[in-house]
Structure formats: C-alpha cells, structure tokens
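Colleague: I should like to go through this structure with you, one question at a time. Please give the reasoning before each value or name.

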Amino acid sequence: MNNNKSIAYNKAANPDKKEMDKVKEVLPRSFNFYWRGAVWGVLAGSLMALFLTFLQVVSSENVMTAGFLKHIILAVILGFALNNYKKYLFKDTIFKNGILYGGYITLLSAVVITLVNMATFYYVDQFSVEKFGVKAEDTADFFSVSGAVFFEVFVFGMIITFIILQYLKGTYKPNEGLQ
C-alpha cells in the first residue's frame, strides 16, 4: 500500500475535522498560477490606466495627489486575488507563495499601465500620464515618466501585497512547540 495515500486517508478520516476540511486533504490542489495572475494583473493595470487617463481628461492642472488613488484599485484587486489564492495553499506556505503571486500580478499591472501610457503618448499626446509635474513632450520625457510610473506601481504593489499577506497569514505558527 502506498504510504502517502494512507497518510492522506488517515488525515481525512479524522472525526474531529469538518467535512470540507476532510475533502481538502484528499483532493489535489490545483491552481493555474500564471493564467489567473495574468488576468488579475491585466485587469488591475487596465483599470489604473483608465483611471489615470480619466484624470488627465477631466483635470486641466497637475493632479499628482489624485494619481496616487490608483493604488486603491491595485489594493482591491490584490486583496481579492490573494484571498482566492489562499484557499489553494497549505497554511505554512501562504506567505511565501502569496508574495510570488502578488509580485506577478503587480509586475503585469505595471507593464500594462506602461504599455497603455505608451499608446496614449504616441496616438493621443495630450492624455499621456504626468508624473511629478512632468508631462512627456518628447521620447526622453516619455521614458523617464513611464519608468517612474512602472517602479511606483511595482513598489506600491509589493508593499500592498506584504500588508495584505500579514492579514491573511493568520496566527498559524508551524514551529510552535518544537523546543
């Protein structure tokens, strides 16, 4: 008899566990990391780019502080994505795998917002993103503004991921009692 199956069966047959916890022990855990991360990342990047473009269209002056509100969109999407991903993970791997998943989503959203900024710069010049009071007038300005936006989204996204994972990891301590 395969020892791994008998261990899983013994864990699942424990009468002290709830029924769904028993099923989770036996069923394989499959999660399409890259596909789901890509969907969340593209969604976050698109919504943030749409928000920034809307700010440029509506306001005629520099709205630097309002531009930081785009991180609320990223925080909400990261919260949903990481909470959903948590259901597929074991308790002792939530933080490590969550950082990777949040980093992947954040990286893709930063790339998408940069690509949308590139498209608006080349096709509709007046709606490209401003950063720190600098609007892209030529290609050099565009690359400096886009680089600043890319790193800002990536850094804030990783900070938001870290904060969300502090909440999601709970009170599980794998080394407790191993003195």
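Colleague: In which helix is the place of Tyr104?

Modeller: The model discussed here is predicted. In this model, the place of Tyr104 is in helix α6.

Colleague: Is Tyr104 buried, partly exposed or exposed?

Modeller: The relative accessible area of Tyr104 is 22%. Buried means under 20% and exposed means over 50%, with partly exposed in between. Tyr104 is therefore partly exposed.

Colleague: Which residues does Tyr104 touch, not counting residues up to four places away in sequence?

Modeller: One of the residues touched by Tyr104 is Tyr34, which lies in helix α3, residues 33–58. Tyr34 itself is exposed, at a relative accessible area of 56%. With that exclusion, the residues that Tyr104 touches are Phe33, Tyr34, Gly37 and Ala38.

Colleague: What distance separates the C-alpha atoms of Tyr34 and Ile105?

Modeller: Tyr34 belongs to helix α3. Along the chain, Tyr34 and Ile105 are 71 residues apart. Their C-alpha atoms are separated by 9.1 Å.

Colleague: With which residues is Gly103 in contact, leaving aside its neighbours within four places in sequence?

Modeller: Gly103 lies in helix α6 and counts as buried, at 13% relative accessibility. Its C-alpha is 9.4 Å from that of Gly37, although the two are 66 residues apart in sequence. Leaving aside those neighbours, Gly103 is in contact with Phe154 and Met158.

Colleague: Are α6 and α7 roughly parallel or roughly antiparallel?

Modeller: Helix α6 covers residues 94–123, and helix α7 covers residues 139–168. The two pack at an angle of about 155°, with their axes 8 Å apart, and their crossing is right-handed. Angles over 145 degrees count as roughly antiparallel. That makes the arrangement of α6 and α7 roughly antiparallel.

Colleague: What span does α7 reach from its first C-alpha to its last?

Modeller: Helix α7 has 30 residues. At 1.5 Å a residue, 44 Å is expected, and the span in the model is close to that value. From its first C-alpha to its last, α7 reaches 42 Å.

Colleague: How does helix α5 compare with the span expected at 1.5 Å a residue, and what length does α5 reach?

Modeller: Helix α5 runs over residues 70–86 and has 17 residues. The expected span is 24 Å, and the model comes close to it. From first C-alpha to last, α5 reaches 24 Å.

Colleague: What arc do the buried residues of α5 cover around the axis?

Modeller: The buried residues of α5 are Lys70, His71, Leu74, Ile77, Leu78, Ala81, Leu82 and Tyr85. Their arc puts them on the same side of α5. An α-helix has 3.6 residues a turn, so residues three or four places apart point the same way. The arc covered by the buried residues of α5 is only 125°.

Colleague: How are α5 and α7 placed with respect to each other: parallel, antiparallel, perpendicular or oblique?

Modeller: The axes of α5 and α7 come within 9 Å and cross at roughly 45°. The crossing is right-handed. Among the α5 residues that meet α7 are Leu74, Leu78 and Leu82, and the α7 residues include Phe156, Ile160 and Ile164. The angle makes α5, with respect to α7, oblique.

Colleague: What distance separates the C-alpha atoms of Asn83 and Ile164?

Modeller: Asn83 is found in helix α5 and is partly exposed, with a relative accessible area of 37%. Asn83 and Ile164 are 81 residues apart along the chain. Their C-alpha atoms are separated by 8.8 Å.

Colleague: At what angle do α5 and α6 pack?

Modeller: The α5 residues that meet α6 include Ala81 and Tyr85, and those in α6 include Tyr101 and Ile105. The crossing is right-handed, and α5 and α6 are oblique to each other. Their axes are 10 Å apart, and the packing angle is about 140°.

Colleague: Which pattern does the protein follow along the sequence?

Modeller: The protein has seven helices and two strands. Of its 179 residues, 33% are buried. Read along the sequence, the pattern is α-α-α-α-α-α-β-β-α.

Key. Residues are numbered from 1 along each chain as its sequence is written. This is a predicted model: local features need pLDDT of at least 70, side-chain atom pairs count only at pLDDT 80 or more; totals for chains, interfaces and linings use all residues. Side-chain values use heavy atoms; hydrogens and water are left out. Helices (H or I, at least four residues) and strands (E, at least two) are DSSP runs, numbered from the N terminus. The expected span of a helix is 1.5 Å times one less than its number of residues. Buried means under 20% relative accessible area, exposed over 50%, partly exposed in between (1.4 Å probe, protein chains only). The arc is that of the directions from the helix axis to the C-beta atoms. Axes are lines fitted to C-alpha atoms, for helices over the stretch in contact, and angles run from 0 to 180 degrees between N-to-C directions. Angles under 35 degrees count as roughly parallel, over 145 as roughly antiparallel, 65 to 115 as roughly perpendicular and the rest as oblique. A crossing is left-handed if the near helix is turned anticlockwise from the far one by less than a right angle, and right-handed if clockwise. Contact means heavy atoms within 4.5 Å.
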